[in-house]
Amino acid sequence: EPKGLLKTRFKPRPIIFSPYVCTENSFPCEGPNPCHSPEGCPQSYWATGFKLTARGRRGTHMAEFPWELNSCCRTKLFSSLSCSFLYRNVMPKTLDGQITMEKTPSYFVTNEAPKRIHSMAKDTKLIVVVRNPVTRAISDYTQTLSKKPEIPTFEVLAFKNRTLGLIDASWSAIRIGIYALHLENWLQYFPLSQILFVSGERLIIDPAGEMAKVQDFLGLKRIVTEKHFYFNKTKGFPCLKKPEDSSAPRCLGKSKGRTHPKIDPDVIHRLRKFYKPFNVMFYQMTGQDFQWEQEESDK
Ligand SMILES: Nc1ncnc2c1ncn2[C@@H]1O[C@H](COP(=O)(O)OS(=O)(=O)O)[C@@H](OP(=O)(O)O)[C@H]1O
């Protein structure tokens, strides 16, 4: 069974995973493939492509997708397929009472995504998980570092000119955290009422609270509640209690909650100053105060 299929026991509204966004016949993924690394995406998938045989229209073909690839590679592969009508045609249909979900973090910062998604389905509901952009940048860097240990330090990458304190806003780890900028792009196509902003910080402290907002936003009954979570101290994250269809509790994987490197406090301070006006703008745009200015220290 495909791993990416988001199944749910919350009948009568099962959720299926059906990732396609593109309505234009273009290839959105340009530039080097970040998944081309020994521990990343196997080169052979890119060299030969995978078997996409449309055996039926109701999901059997999904098994042909190389779900064993990591999420980065799957996203890359999805992106390359998303503009193919073949791909679109072989996706399972969304049946009555089902919600189709697609989870690709990079869409939030992809210029063409709002227009494409809007032209595909203008009533799409959008959920964005945001966290303090400084912590986000460090987390992003930590993830890259885990794959490429030879990269320069965070402090080096963060600045165009450190003496002048000039932040390098073109570095993706930093650029992605300028949420107001990206949101502006989405608001050209979608009203704010169609976008839910989930606090990444609150998702850890109060997962049930954030999930309640998600369920309300999607028009679902509040089925996921406090009773489904417990806090795993070792992991530092909430975990799901024993799911009905499995014997073990479910925590986030090894790639979540990596220890972040210790960053020079001056650099943190400079970054906080850099983000402050953008954060304030973001709070005004969303009508939500995420309180990132109040966090005293980073992880
Ligand atoms: N459910 C939930 N609640 C709170 N925080 C979460 C959750 N899922 C992922 N994370 C944290 O988000 C950071 C990036 O996660 P991902 O690896 O999933 O990102 S990505 O999809 O690969 O881009 C990464 O942050 P750090 O661990 O601080 O580096 C994840 O731990």
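**View 1. Helix α10, enclosed by its surroundings.** In this predicted model, helix α10 spans residues 207-217, and because eight of its eleven residues are buried, the rest of the structure largely encloses it. If you would like to pick the buried positions out on screen, they are Pro-207, Ala-208, Gly-209, Glu-210, Ala-212, Val-214, Gln-215 and Phe-217. What do these buried residues pack against? Their partners are the strands β3 (126-130), β6 (195-199), β7 (229-232) and β8, together with helix α9. Just after α10 comes Gly-219, with a positive phi of about 75°.

**View 2. Ile-195 in strand β6.** Here we turn to one of the strands that the buried residues of α10 pack against, β6, and to a residue found in it, Ile-195. Is Ile-195 buried or exposed? With a relative accessible area of 8%, Ile-195 is buried. Setting aside neighbours within four places in sequence, Ile-195 is in contact with Leu-126, Val-128, Leu-183, Trp-186, Leu-187, Phe-190 and Phe-217. Phe-217 in that list may look familiar, as it is also one of the buried residues of α10. For a sense of scale, the C-alpha atoms of Ile-195 and Gly-97 are 21 Å apart, and the two residues are 98 apart in sequence.

**View 3. Gln-194 and the backbone of Lys-122.** Gln-194 sits in the loop between α8 (179-187) and β6. Its relative accessibility of 16% puts Gln-194 under the 20% cut-off, so Gln-194 counts as buried. Which backbone oxygen lies 2.7 Å from a polar atom of the Gln-194 side chain? That oxygen belongs to Lys-122. Leaving out neighbours within four places in sequence, Gln-194 is in contact with Lys-122, Asp-123, Thr-124, Lys-125, Leu-126 and Phe-217. Leu-126 and Phe-217 are also among the contacts of Ile-195.

**View 4. Ala-121 in the loop between α4 and β3.** The loop that holds Ala-121 runs between α4 (113-120) and β3. Ala-121 has a relative accessible area of 22% and is partly exposed. How far apart are the C-alpha atoms of Ala-121 and Asp-264? They are separated by 45 Å, for residues 143 apart along the chain.

**View 5. The ligand and its shell.** The ligand is surrounded by 15 residues, and the closest are Arg-131, Ser-139, Lys-256, Gly-257 and His-260. For the polar contacts, begin with Lys-256: an N or O atom in its side chain is 2.6 Å from an oxygen atom of the ligand. The side chain of His-260 likewise has an N or O atom 2.9 Å from a ligand oxygen. Gln-143 places a polar side-chain atom 3.5 Å from an oxygen atom of the ligand. How much of the ligand surface does the protein bury? Taken alone, the ligand exposes 620 Å², and the protein buries 73% of that. Two elements give two or more residues each to the shell, namely α5 (133-147) and α9 (200-205). The largest share, three residues, comes from α9, the helix that also packs against buried residues of α10. Sorted by class, the shell holds five nonpolar, five polar and five charged residues.

**View 6. The disulfide of Cys-239 and Cys-251.** How many disulfides are counted in the model? The count comes to one. Cys-239 and Cys-251 form this disulfide, with their sulfur atoms 2.1 Å apart. The link of Cys-239 and Cys-251 is right-handed, with 110° about the S-S bond. Cys-239 belongs to strand β8 (residues 237-240), whereas Cys-251 lies in the loop between β8 and α11 (265-286), twelve residues apart. The two ends also have their own surroundings to compare: Cys-239 is buried at a relative accessible area of 1%, whereas Cys-251, at 30%, counts as partly exposed.

**View 7. Stepping back to the whole chain.** With the close-ups in hand, here is the setting they share. The protein chain has eleven helices and eight strands. Of its 299 residues, 40% are buried. The accessible surface of the protein chain is about 17,300 Å², and 56% of that belongs to carbon and sulfur atoms. What share of the contacts between residues at least 6 apart in sequence joins residues at least 24 apart? For this protein chain, the share is 66%.

Terms used: Residues numbered from 1 in each chain as written. Predicted model: local features only at pLDDT ≥ 70, side-chain atom pairs only at ≥ 80, totals over all residues. Heavy atoms only, no water. Disulfide = S-S within 2.5 Å. Helix = DSSP H or I, 4+ residues; strand = E, 2+ residues; numbered from the N terminus. Buried < 20%, exposed > 50% of the residue type's maximum accessible area, 1.4 Å probe, protein only. Near = heavy atom within 4 Å. Polar contact = N/O pair within 3.5 Å; in protein donor to acceptor, adjacent residues only side chain to side chain. Areas by Shrake-Rupley, 256 points an atom, 1.4 Å probe, with all protein chains shown as cover. Nonpolar A, V, L, I, M, F, W, Y, C, P; charged D, E, K, R; others polar. Contact = heavy atoms within 4.5 Å.
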